[in-house]
Amino acid sequence: MTMQSFAHDVAEPAIEIVGLNKWFDDFHALRDIDLRVEAGERIVVCGPSGSGKSTLIRCINQLEHHQQGSIRVGGRVVCREPKKLEIIRRDVGMVFQSFNLFPHLTILENCTLAPLWVLKQSRPEAEATALHFLERVRIPEQAHKYPGQLSGGQQQRVAIARSLCMNPKIMLFDEPTSALDPEMVKEVLETMLGLAHDGMTMIVVTHEMGFARQAADRVIFMDEGRIVESATPDAFFDNPVHARTRQFLDQILI
Amino acid sequence: MNAVALADPVPDARAAPVAKRRSWLKLLFGTPLNALLTIIFGMAIARMSVWLVDWAIINAAFFPAEPASCQAAQGACWSFVIAKHSQILFGIYPPEERWRPALVCLLLIGLLIYSVRPASWGPRLFGLWVAAIVAVFVLMLGGVPGLTFVPTALWGGLPITLILTVVAIGAAFPLAIMLALARRSKLPAVSALSVLFIETTRALPLLSILFIASIMLPLLLPEALLPDKFFRALLALLLFAAAYMAEVVRGGLQALPKGQSEAAEALGLSYWQRQRLIILPQAITIVIPALTNTIIVMIKNTSLVLVVGLFDLVSSGKAALADPSWSSPAAETYLFIAAIYFILCFGFGRFADSLERRRKVSR
Ligand SMILES: Nc1ncnc2c1ncn2[C@@H]1O[C@H](COP(=O)(O)OP(=O)(O)OP(=O)(O)O)[C@@H](O)[C@H]1O
Ligand SMILES: [Mg+2]
């Protein structure tokens, strides 16, 4: 459970996407996406609404199926076959905008469910791991409450802990702070900064540019299903190459 | 009005019953029209209660349980129900063997009551039920050493109602869940089959399904393959209940946000794990009221098997009334039967209610 366990083999990219295309019926949602994410790399994805950010990260764990191109996670080809997919999903945690905690289970049960059923851990082992990560997101004392009894920020931190309990190699975040009241955004971002600091490979869809500056190795800007720009935070914010990026930054940075 | 409003802005515990009584009085006598209606209905209810007590208790005949006591009485003839209780409850089951259906009823009712306690839920309870159902059929049918064979054609009364209810609804529930899941399946063939089954079954009245099962099936199937009349009716009820319950369960599945399934998927849970651990527990909780409704209707629907010649509780009551030496006290007999149905349905309703409250507490 040491944090070094997040860092691993540098040679193999954590994620490698080549020529990815995705359609929703006639609508071309992702166009010729190429993306290589190294292990330990932290990537922030931004772009206007409807540009395909969610669709892109949801293709990585196949909550959406793509029609063209290839995705590799830790060297494994991502396909639709349930058995192989389940193995890949163990290594890829996901945090949603709307938390999606299981309301009929306690916080602790939310965190132990997948380790018990997917990793077949023993209950004491799963509970110990769960309490460890709940402590890390600083809510161990809520373990026996139900999600409905927690604030939005607390729920999102539980959702992060729930993913971490699977000991994933990669974490995907889809606008994790967008559904939160402003005063709770900080506690969630701090948790994510902690993760980034520990070397977790992360792809974060967010408009929190402060987080991008502090934690990202690379910022990716998407528009109309394409990756328009990909640069280090400094270059991205100070010297964006594309007019579209500048326009977007002007809008969100006011 | 104002005085009242000022008098109890802070309802403390002692004031609560007083305030409650006051609001009742207001409801009953608040306006002249309400007061008038209260008086009219109050008098009507009082008169009816007096008449009912006179009829059902004071002027009623209880003992001796003979036709003569009935003729002398001006009120209800309970002596008929007392004299014929065994025939009403067990139909045409051979009288000297009636301890067997009696035992079956006690077994089923006992296990039903035991199953209500959350503390007894678990794999053990499931095992108990399987054992109980086997025991029920062995006891009823016999044909094993020590028990003479009693064909289903001679079964009747309460055990038929109870067995049909417990077995048909008990087996329909898991089938309904499978149908509901199948209907939402991404595999076109699976969902089409489920839709076809559900829609056809729902489009037919239960009566016609029972007729198909009892009259048409024998024309279609060779004698050797044909299950006996009781089991055909049981199957018809089971399938009918499953179709309705499947749609109720599907309503619950649809009410769940997509994120629940996606979160479970992202954690690597398999399809069946997701359904069992995340989706169904929530979906079924949502539809407890609707499911209760369907099940209560199905409990009462079991009485329709009389049209295919099975002697359930209602029809064995009717058969008992045919005795010419009695003056056919139909109201008393049907009230007795209604009371049994009431206990079954009301009991189930209370159980569902407690389930729902239990889930609310855990939220
Ligand atoms: N299930 C779906 N069916 C049809 N179209 C979809 C579906 N999901 C997304 N889309 C469309 O695909 C496009 C990209 O959607 P996506 O959710 O990836 O955008 P996004 O960049 O995440 O936007 P936002 O910032 O609003 O979350 C949108 O135009 C959307 O309407
Ligand atoms: Mg999105």
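## A tour of chain B and its contact with chain A

Begin by selecting chain B and colouring by secondary structure, where 16 helices and 2 strands can be picked out. Keep in mind throughout the tour that this is a predicted model.

With chain B still selected, show the C-alpha trace and turn it about its principal axes, along which it spans about 70 × 70 × 40 Å. The radius of gyration of chain B is 26 Å, whereas a compact globule of 363 residues would have one near 21 Å.

Next, look at how the chain is packed: of the 363 residues in chain B, 42% are buried. If you display contacts between residues at least 6 apart in sequence, 66% of those in chain B join residues at least 24 apart.

Now switch chain B to a surface view, for which the accessible area comes to about 19700 Å², with 73% of that belonging to carbon and sulfur atoms. Colouring the charged side chains then brings out 29 positive and 17 negative ones in chain B, and the centres of these two sets lie 10 Å apart.

Finally, bring chain A into view alongside chain B and select the residues in contact, which are 23 from chain A and 21 from chain B. The size of an interface is often given as the accessible area lost when the parts come together. Between chain A and chain B the buried area is about 2000 Å², and carbon and sulfur atoms give 61% of it. On the chain A side, select Arg89(A), His104(A) and Trp117(A), which supply 28% of the area that chain A buries against chain B, more than any other three residues.

Definitions and conventions:
Residues are numbered from 1 along each chain as its sequence is written. Chains are lettered from A and ligands numbered from 1 in the order in which they are written. This is a predicted model: local features need pLDDT of at least 70, side-chain atom pairs count only at pLDDT 80 or more; totals for chains, interfaces and linings use all residues. Side-chain values use heavy atoms; hydrogens and water are left out. Helices (H or I, at least four residues) and strands (E, at least two) are DSSP runs, numbered from the N terminus. The radius of gyration is taken over C-alpha atoms; the globule rule is 2.2 Å times the number of residues to the power 0.38. Buried means under 20% relative accessible area, exposed over 50%, partly exposed in between (1.4 Å probe, protein chains only). Contact means heavy atoms within 4.5 Å. Accessible areas come from the Shrake-Rupley method with a 1.4 Å probe; for residues, only the protein chains shown count as cover. Lys and Arg count as positive and Asp and Glu as negative; His and the chain ends are not counted. The place of a charge is taken as NZ of Lys, CZ of Arg, CG of Asp or CD of Glu. Buried area is the accessible area (1.4 Å probe) that two parts lose on being put together, summed over both.
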